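Let's take a walk through this protein together, one piece at a time. Keep the sequence and the 3D view side by side as you read.

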Amino acid sequence: MLELSRTPETTPTAKADRRSGFVAIAGRQTSGKSTILNALLGTELSIVTSKAQTTRERVNGVLTEKEGQIVFVDTPGIHRAKEGGINAYMMSQAREALEAPDLVWYLVDPDSGPSYETPVLELLERSKSPVFLVFNKSDRVGAPERISALEPAMTEACRSRGIELRGTFRLSALKKRGLDALLESTWKALPFGPFHFEDEDQVSDRPTRFFVSEKIREQLFLKLGAELPYSCAIAIDRFDESARPVR
């Protein structure tokens, strides 16, 4: 169930003592970017399916806690895209999100490898933002061993391109394991500064209609096969919030 507000668990301190910044969540398709965002915010902000390229546009998720405020930017899965069309648009969304964030979470699937990660590495090389290398899906059978074998190669691939690695992490976004350590290090990496969103209960800058249309599109991805989901877009002609349920 989508909720567009949340209540901080602790009483906020003075903003002058709190950190604030943008964290871009980047990675290949189906690496778990939307899943990790939803887990951190405690709400289904970004739609999630097993199909690649589910996320089409950047979605900002706002986390405000006693430490400060993080604006997470969930990006479309990075891949080689032909000129024009929806794939090129999704890549433009990813490039824009990586232009100047305070930090990048680079999510990597245990079954991936440096050669498959080239499109992501190329964007991060141009970004120049510091990076946390995050190995997701550690709960899968055999994943810890695959991550142990993959980590040195991915670390070297980043450093050879001049990507500033600030740390590596292993977690399961689906099982919500390992998120605390990642979040704790993220707070320390962000600067002190004013909040980007004054309302501390706000979890996104998108209107409710956007999320309603995304939930409808999620069902199309789940129910349809082959190329059909990728040919669909949602336009809401009428939206009645006074009705119960909302129609």
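A good place to begin is a pair of strands: β1, residues 19–27, and β3, residues 68–74, run parallel to each other and are joined by seven bridges. Within this pairing, Val23 sits opposite Phe72 of β3. Please keep in mind that what you are looking at is a predicted model.

Now zoom out to the sheet that holds these strands. It is an open sheet of six strands, in the order β2-β3-β1-β4-β5-β6, with mixed pairing. At the edges are β2 (59–65) and β6 (165–170), each of which pairs on one side only. From one strand to its neighbour, the average turn is 20°, direction ignored.

Next, look at two helices and how they meet the strands. Helix α1, residues 33–41, lies across β1, β2, β3 and β4 (103–108), and it runs at about 30° to β2. Helix α5, residues 179–189, also packs on the sheet, where it touches β1, β2, β3, β4, β5 (131–135) and β6. The direction of α5 makes about 110° with that of β3.

Strand β4 deserves a stop of its own. How many of its six residues are buried? Six of the six are. Both faces of β4 are covered: Leu103, Trp105 and Leu107 are buried on one side, and Val104, Tyr106 and Val108 are buried on the other. In the sheet, β4 pairs with β1 in the parallel sense over five bridges, and here Ile25 has Trp105 as its bridge partner. Five bridges also connect β4 to β5, again running parallel, with Tyr106 partnered by Leu133 of β5. The strands β4 and β5, together with helix α3 (residues 118–127), make a right-handed β-α-β unit.

What do the side chains build? The largest nonpolar core has 28 residues, and Ile36, Phe72, Trp105 and Leu182 touch the most other members. Two of these names are already familiar: Phe72 was the residue opposite Val23, and Trp105 the bridge partner of Ile25. At least two residues of this core come from each of β1, α1, β2, β3, β4, β5, α5 and α6 (208–223), and α1 gives the most, with five. To see the core from one of its members, select Leu182: beyond its neighbours within four places in sequence, Leu182 is in contact with Ile36, Trp105, Phe132, Val134, Phe169 and Leu171. Another core, of 21 residues, lies apart from this one, and among its members are Leu98, Tyr106, Leu121 and Ile147.

Let's finish with two residues from the strands where we began. Gly21 is found in β1. It counts as buried because its relative accessible area is 0%, and buried means under 20%. Leaving out residues up to four places away in sequence, Gly21 touches Gln69, Ile70, Val71, Asp102, Leu190 and His196. Gly21 and Leu103 are 82 residues apart in sequence, yet their C-alpha atoms are 8.1 Å apart in space.

Gln69 lies in β3, and it too is buried, with a relative accessible area of 0%. Where does its side chain find a polar partner? A polar atom of the Gln69 side chain lies 2.9 Å from the backbone oxygen of Phe197. Apart from residues up to four places away in sequence, the contacts of Gln69 include Arg19, Gly21, Val62, Trp187 and His196.

Conventions. Residues numbered from 1 in each chain as written. Predicted model: local features only at pLDDT ≥ 70, side-chain atom pairs only at ≥ 80, totals over all residues. Heavy atoms only, no water. Pairing = 2+ DSSP bridges. Helix = DSSP H or I, 4+ residues; strand = E, 2+ residues; numbered from the N terminus. Axes fitted to C-alpha atoms, helices over the stretch in contact; angles between N-to-C directions. Contact = heavy atoms within 4.5 Å. Buried < 20%, exposed > 50% of the residue type's maximum accessible area, 1.4 Å probe, protein only. Polar contact = N/O pair within 3.5 Å; in protein donor to acceptor, adjacent residues only side chain to side chain. Core = buried A, V, L, I, M, F, W, Y, C linked by side-chain atoms within 4.5 Å. Right-handed = clockwise from strand over helix to strand, strands pointing away.
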